[in-house]
Amino acid sequence: MKKDLLRIENLKVQANGKEILKRINLQIKKREVQALLGPNGSGKTVLGQIILGNPKYKVTQGKIFFEGKEITKLAPEKRVKLGMTLAFQSAPAIKGVKLIQLLEKISQFSAKELVKGKIPDGRNLLERDVNLDFSGGEKKISELVQVLALNPKLVIFDEIDSGLDLKRLEKVAKIIKKEFIDKKTSVLLITHSGAILNFLNPKITNVMVLGKIICREKDYKKVLRVIKKYGYEKCKKCKLLTN
Amino acid sequence: MVMKSVKNANYLQIDHKVKNIFQVEGVTILTSPGAWEKYNWTRKYFSKKPKEGYFIWLKKQVNFPLFTCVFLCDKNITQNLQNLLIIEKNLNIKFQGICQAVNKNLLGVHNAGGKIILKEGSSLKYGHFHFWGEKDIVNSCYEFFLEKNSKLDYVYKTLSAPKKLKIKTIFNLFARASCKAKIVANCKRTETEIKDNLILKEKEASGQVQIRLVAGKASKVSAHSKIEARAESKGHLDCQGLVLDEGSKISLVPELLCKNKKAQITHEASIGRISEEELNYLRMRGLSEKEATNLIVNGFLTL
């Protein structure tokens, strides 16, 4: 229990009066890499957002703990200070605010040094407005730079692999491995396709369907094989879901 | 930042007293009453004999920015400035003007008006910045004359608004003159009234006016922005407002008046609130709600 960095107990979440997450239980240990797979609309992104405390969503039941401290009602900025962060799947543009300005506000590191040594592709983005007219690949790089700037203990990557060609995917995976996993940061990889898992080898792979985590498997290849063969349709018929 | 630069000012006025005039080769800098006395021809530009203010006449190219500072320092001062800036033909000039109350509770009044004349082929990059106290009253009225082929790049920013603020700006554009004007006001506990009028008087004149207004706590902000095309010309208005507080309001009235069938004038106007999505995104980067709001507002005011 003590080794859990993140622990979620019986979490139920609503948005606009609709229940989106149903009794979620999840534990991530320090230095552990886990994956969360699921079809579109299964609630993966909401789980990432609620872990970081997005006020858009309402916890109706259950608790979230980080390093043993309950954070269910903690403001998002305070969660970030504790050491958790999220790379967004679809990050909004902040017009008139340059990426370098944002990095200087949130980070103790020099923005230029940060990208120079670790994410060279980020250099071209520093003087541009945050996420404004960024391509899909540029958005992923921008998110990587921002989460790196926060020096977190836990990073949630929400669909960091979506829309990337194989070469870019490999590049992004290498950065995640070198800058987070090798440095003992805990990682939760939220992914629909599972493409990035082959590069990062998660210890546990969770499958989420219709707002529930129905499967927790050590062998991610097994999960990917089943999904590749039968799609998530088979998961929807899983007896664990009905139970 | 402002006070450090004061010693470099070409014209420095504190309350009613002219503290410094720093002359530059090729430029005549006088008080406006001094110019009225010395040059009869200036009288056509002043509506009446000025009481105070500056006269700056650029006759030769100057390759560094000219700089004026007008401060309110004592309590209950009422300034009445009439300024005149003249740029002779084909000069390319940078100019910066700062008007500021040094304390928040001075109960000062700053009335400033004037004319800026760009002679044929000249160009002016003009930054005009205001910082006021919460109890001051400010009335500003400037008229620009852009002669043939001249070019103006004007930024007016009120970064700290007074209790009452009235800004009126008129841009007169003659043949092939061009103007880019940006008017920005960050308003908190204030009544602000902005009027601007871009008059495209002759063929191929072109102008663009961008307005960005933020209504913070307890603010009433109104802007009436107009383009009048009297000849074959082009103009565009872009007015945007951001309301931050429930008790505040912004009224934007863009107006287009076309008197020539070949003129092309357009406008866009919008008023909104801070996007929850942007706010939450920045909070999930570790910024407090206030820090995130300030960052979004500063971004909005950046043109």
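Accessible areas are taken from the Shrake-Rupley method with a 1.4 Å probe, and for residues only the protein chains shown count as cover. On this basis chain B exposes about 13,600 Å², of which carbon and sulfur atoms supply 47%.

The structure is a predicted model, in which local features need pLDDT of at least 70 and side-chain atom pairs count only at pLDDT 80 or more, while totals for chains, interfaces and linings use all residues. Residues are numbered from 1 along each chain as its sequence is written, chains are lettered from A and ligands numbered from 1 in the order in which they are written, and side-chain values use heavy atoms, with hydrogens and water left out.

**Chain B as a whole**

Four helices and 19 strands make up the secondary structure of chain B; these are DSSP runs, helices being H or I of at least four residues and strands E of at least two, numbered from the N terminus. The C-alpha trace of chain B spans about 60 × 55 × 35 Å along its principal axes. The radius of gyration of chain B is 20 Å, which agrees with the value near 19 Å for a compact globule of 303 residues; the radius is taken over C-alpha atoms, and the globule rule is 2.2 Å times the number of residues to the power 0.38.

Of the 303 residues in chain B, 55% are buried. Buried means under 20% relative accessible area, exposed over 50%, and partly exposed in between (1.4 Å probe, protein chains only). Among contacts (heavy atoms within 4.5 Å) in chain B between residues at least 6 apart in sequence, 81% join residues at least 24 apart.

**Charges and salt bridges**

Chain B carries 49 positive and 29 negative side chains, and the centres of the two sets lie 5 Å apart. Lys and Arg count as positive and Asp and Glu as negative, without His and the chain ends; each charge is placed at NZ of Lys, CZ of Arg, CG of Asp or CD of Glu.

A salt bridge is a side-chain nitrogen of Lys or Arg within 4 Å of a carboxyl oxygen of Asp or Glu. Over all chains, 20 salt bridges are counted, including those tabulated below.

| Positive partner | Negative partner | N to O distance |
|---|---|---|
| A:Arg7 | A:Glu9 | 2.9 Å |
| A:Lys222 | A:Glu217 | 3.7 Å |
| B:Arg230 | B:Glu228 | 2.8 Å |

B:Arg230 is partly exposed at 39% relative accessible area, whereas B:Glu228 is buried at 6%. Elsewhere, A:Glu77, B:Arg283 and B:Glu289 are joined into one network by salt bridges that share partners. In chain A, A:Arg7 is buried at 14% relative accessibility, A:Glu9 is partly exposed at 28%, and A:Lys222 is partly exposed at 41%.
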